[in-house]
Amino acid sequence: MITIKYPKREQWASIIERPHLDVSQLTATVKTVLDDVKTRGDEAVKDYELKFDKAQLTTLAVSQQEIEEAVQLVDKQLKEAIVLAHHNIKAFHEAQHFKEVRIETQPGVECWQKSVPIERVGLYIPGGTAPLFSTVLMLATPAKIAGCSEIVLCTPPSKDGKVNPAILVAAKVAGVSKIFKAGGVQAIGAMAYGTESVPKVYKIFGPGNQYVMAAKQQVSLHDVAIDMPAGPSEVCVIADNNANAEFVAADLLSQAEHGIDSQVLLITNSESTATAVEQEVKRQLELLPRRDMAVKALDNSKTVVVESLDEAIDLSNTYAPEHLILQTDNYADLALKVVNAGSVFLGRYACESAGDYASGTNHTLPTHGYATAYSGVNLDSYCRKITFQQLTEEGIMNIGPAVEAMAAAESLDAHKNAMTVRLNAIKRR
């Protein structure tokens with residue numbers, strides 16, 4: 001990690017810069033795969049599964065027998081952990097139910113909203129180096145609570161054509177409707193366009209590598225909604241002179257092991273804390289099985305020493321991190337000043353891993369600075385709001401003249417007339 005001491009604000013733009021990837025050639029490759037899946041359906045998906053995942057598939061759908069086999073393969077302790085995490089995620093998201101309120105904006109003019117679930121959603125769950133069964137819980141649980149009638153899940157199989165058993169157990173616990181063996185761009189195409197086996201969905205959720213992210217962005221232009229734009233995962237830790245260096249280092253490394261393009265940022269008002277954390281990172285790094293990956297991520301990462309914690313929170317808000325950990329004595333005060341972050345972890349015991357797995361909050365969050373404009377996945381992500389209005393004769397008389405005046409000012413005579421004919425009908429009585 002690069003250490004930067006007491007930077008001026010004009011240096012902040014370079015400090016918060018994320019790693020950049022050249023996606024020009026990637027975009028063309030993604031389009032080719034998407035077009036092929038759109039044209040050839042299941043056969044194209046199977047061909048790409050053989051090419052990219054080395055899996056020879058006769059069918060894409062996961063059978064009920066495979067799900068039951070997975071239940072037997074996953075050990076009791078992990079199954080209990082999945083059930084506990086699902087309970088907490090469910091409790092947190094059930095509290096987000098929309099409450100309908102009817103408002104009389106003028107006498108005789110009543111307006112309200114109704115929350116309606118998206119009927120068919122698609123969940124993408126990465127396999128690869130880290131099968132993210134926790135993401136199944138994070139995405140399927142609120143979808144089920146929202147009332148989505150069909151929850152479609154795609155995930156890449158291993159070379160033997162099997163899906164990771166923990167992914168299948170999590171899908172069963174969370175109430176997924178259909179599961180398919182499809183990964184990468186071909187999975188996104190299958191859910192966006194529909195194939196003989198995979199239903200076309202209305203919105204796609206889930207993380208993935210740069211190819212998956214590019215595919216989601218391409219299909220979102222014309223064919224399907226997506227949860228949010230996304231980049232590599234990231235964490236920002238703000239630590240004071242009393243912070244536990246071992247804990248801070250562990251938090252930084254837990255993020256760095258995600259991938260070589262992940263980024264971690266430590267902001268502190270204490271040079272001694274910066275030094276202690278640096279030493280702890282080196283010590284813990286040697287013990288990590290994914291050490292090589294974490295080392296490359298740390299090359300993209302920085303420690304920034306600032307004058308005060310107020311300056312630290314300002315820098316964090318400018319960075320707009322996916323995850324923000326406040327390991328300071330005054331974390332409650334600092335939390336009030338957070339305006340840009342995906343999810344915030346307060347105090348020395350609130351590690352990012354808690355939110356990633358089992359505290360109850362959702363771990364599908366905006367990255368790459370998108371926390372300035374996007375929320376993480378929540379119950380509303382799976383719903384649409386439909387507005388209603390009901391007008392009586394009194395209501396028409398109260399707002400009619402204003403509607404006529406505004407429509408006339410915009411030169412929309414038919415709009416004006418739709419109100420005028422009603423006003424005239426009332427006046428003729």
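In these legends, Ala, Val, Leu, Ile, Met, Phe, Trp, Tyr, Cys and Pro count as nonpolar, Asp, Glu, Lys and Arg as charged, and the others, Gly among them, as polar. The views are taken from a predicted model.

**View A. Lining of the second largest pocket.** The second largest pocket holds about 160 Å³ of space. Its lining consists of A61, V62, Q64, I67, A171, K172, V176, S177, K178, I179 and F180. By residue class, this lining comprises 7 nonpolar, 2 polar and 2 charged residues. Helix α4 (64–73), helix α7 (165–174) and strand β6 (178–181) are the elements that each supply two or more lining residues. The largest share, 3 residues, is contributed by β6.

**View B. Packing of α4 against α7.** Two packed helices are described by the angle between their axes and the distance between the axes. For α4 and α7, the angle is about 110° and the axes lie 8 Å apart. Angles of 65 to 115 degrees count as roughly perpendicular, and α4 and α7 are therefore roughly perpendicular to each other. On the α4 side, the contact involves E66, I67, E68, A70, V71 and L73. On the α7 side, P165, L168, V169 and K172 take part. The residues of this contact divide into 7 nonpolar and 3 charged, with no polar residue. I67 of α4 and K172 of α7 belong to this contact and are also found in the lining of the second largest pocket.

**View C. The parallel sheet that contains β6.** This open sheet has 5 strands in the order β6-β5-β4-β7-β8, with parallel pairing. The edges are occupied by β6 and β8 (225–226), each of which has a single partner strand, so one side of each is left without a neighbour in the sheet. Strand β5 (residues 150–155) runs parallel to β6 and is joined to it by 4 bridges. Within this pairing, C154 has F180 of β6 as its bridge partner. F180 is also one of the residues lining the second largest pocket.

**View D. The antiparallel sheet and helix α16.** An open sheet of 3 strands follows the order β2-β3-β14, and its pairing is antiparallel. Strands β2 (103–106) and β14 (383–391) stand at the edges; each has a single partner strand, so one side of each lacks a neighbour in the sheet. From one strand to the next, the twist averages 30°. Strand β3 (residues 109–117) and β14 run antiparallel and are joined by 9 bridges. P117 has C383 of β14 as its bridge partner. Helix α16 (residues 393–409) lies across β2, β3 and β14 and runs at about 95° to β14.

Methods
Residues are numbered from 1 along each chain as its sequence is written. This is a predicted model: local features need pLDDT of at least 70, side-chain atom pairs count only at pLDDT 80 or more; totals for chains, interfaces and linings use all residues. Side-chain values use heavy atoms; hydrogens and water are left out. On a 1 Å grid over the protein atoms alone, a cavity is a set of points where a 1.4 Å probe fits but cannot get out, and a pocket is an open set with protein on both sides within 12 Å along at least five of seven lines; lining residues have an atom within 4 Å of a point. Grid points are joined across faces, edges and corners, and a volume is the space filled by probe spheres set on the points. Two strands pair if DSSP finds at least two bridges between them. Axes are lines fitted to C-alpha atoms, for helices over the stretch in contact, and angles run from 0 to 180 degrees between N-to-C directions. Contact means heavy atoms within 4.5 Å. Angles under 35 degrees count as roughly parallel, over 145 as roughly antiparallel, 65 to 115 as roughly perpendicular and the rest as oblique.
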